[in-house]
Number of protein chains: 2
Amino acid sequence: MTDIKKDNTEEKILSAAQNVFVRKGMDGARMQEIADEAGINKALLHYYFRSKRQLFNATFESIFCKIIPNVMRMVESDQPIKEKLESFIENYIDVLMKNPFLPTFVLKEINQDPEFLAELIKSSGLQPQKVVEMFKIEMEKGTIRTMDPRDLLINILSLNIFPIASQPLLALLFFDDDPKSYMEFIERRKVTVKEFVLNSILIK
Amino acid sequence: MTDIKKDNTEEKILSAAQNVFVRKGMDGARMQEIADEAGINKALLHYYFRSKRQLFNATFESIFCKIIPNVMRMVESDQPIKEKLESFIENYIDVLMKNPFLPTFVLKEINQDPEFLAELIKSSGLQPQKVVEMFKIEMEKGTIRTMDPRDLLINILSLNIFPIASQPLLALLFFDDDPKSYMEFIERRKVTVKEFVLNSILIK
DNA sequence: CCTACTTTTGACCAAATGGTTAAACTACAT
DNA sequence: ATGTAGTTTAACCATTTGGTCAAAAGTAGG
């Protein structure tokens, strides 16, 4: 029983912490609010995670891993480049749509603890060089236009992430502040971003 | 004399507030730190701006206006679309490079006070519809590929802003955490983003 | 020099906040 | 039953924080 109980409350805490931290950010979040959201006593937070910082870092890690992972799947697949890119963009936008606040949160807190972030990236299995290498090879094969492969990857990430991270502003500017029609717009981007990118780089 | 002195300290406060708020965010910033940075007494902050919120809003407004303005210049110019887009992208990346923390800051605090943001946009003279209209006309003329004009504008903004807003992360991932070589990369993007966009939409 | 004013300051306050501690509770093994 | 280990809680604490206030300092005109 002991272990089950422990895991249970630890999960409750982490989940509550995610909600609160994502809404309020590291500095804006209150330990009391997290405790309330988890339905437990505040001292218990410190029992499981010693300090606010540690709780925050644990939270950040779990969120960060959610948004990052599937870059690598693109590299390992053996489809032709066009299909690789298509499924990558589509999947990625899909993941972001299901967690629309996470990109904002990550951007917000990127500066908080640089060493921790570096550590996190190292241990996350992310290997951007691999992706860059793959693009290089395709360029040598002549399937896509020659350019700095880092530009290509960063462009794709920009097109995927930014419109979601800045949703409140863009929805206000272009969609009458209606989140629903903005999300429909993002849904359509699964197609339009693919077209935009492929039109730019594909050699026919 | 009265007015000059007043403007002076008010400016000092605003400038100090910008530094601190941009570094620490709304919640992380301390009134005392802002006062120190401005070299004045903390009570004076409340004398000029009644509350932290008001000081923050004033700060946000002044920063927001810095990054937003030159969208409209693109519309009003009478160059052909290709040149319009080229100079827009180049100018915009240039502005962002000179204020690399501002995009992060705006993204961070976009959620803080939605009504205030809406007010701000209204009074800022921003008219995204105008830009959208312009793109539509060009598509009808057949100079650029047909697509949702909002997509086009948002794509360009994404490609310009995101790489700067997420500098700390991207520099860590692709540039050995060396800010200098990352900024050189951004400088090169003045050219490569133009190519990327024009390649995608221009009809030759 | 005096007066009316604005600007600036130091001292102060109540509330909030992250964190601690000692006691109570739980479940299991002996 | 009793002891023991981990878990949970209420009460508490030191510090920080945004904000106030009355008095001092500065300023300009009469």
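**View 1. The two sides of helix α6 of chain A.** On one side of α6(A), Glu83(A) and Lys98(A) are exposed (12 or fewer other C-beta atoms within 10 Å of the residue's own, with C-beta atoms placed from the backbone). The buried residues of α6(A), with 20 or more such atoms within 10 Å, are Leu85(A), Phe88(A), Ile89(A), Tyr92(A), Ile93(A) and Leu96(A). These lie on the same side of α6(A), because they cover an arc of only 115° around the axis, taken from the directions from the helix axis to the C-beta atoms. This is a predicted model, in which local features need pLDDT of at least 70, side-chain atom pairs count only at pLDDT 80 or more, and totals for chains, interfaces and linings use all residues. Residues are numbered from 1 along each chain as its sequence is written, and chains are lettered from A and ligands numbered from 1 in the order in which they are written.

**View 2. Packing around α6(A).** Helices here are DSSP runs (H or I) of at least four residues, numbered from the N terminus. The buried residues of α6(A) pack against α5 (71-76), α7 (102-109), α10 (149-165) and α12 (179-201) of chain A; contact means C-beta atoms, placed from the backbone, within 7 Å.

**View 3. The two domains of chain A.** An automatic or database assignment gives domain 1 (1-50) and domain 2 (60-201). Their contact takes five residues from domain 1 of chain A and seven residues from domain 2 of chain A.

**View 4. The axis relating chains A and B.** A rotation of 180° with 0.0 Å of shift along its axis superposes chain A on chain B (RMSD 0.0 Å), by least squares on C-alpha atoms of residues with pLDDT of at least 70 in both. That is the relation of a two-fold axis.
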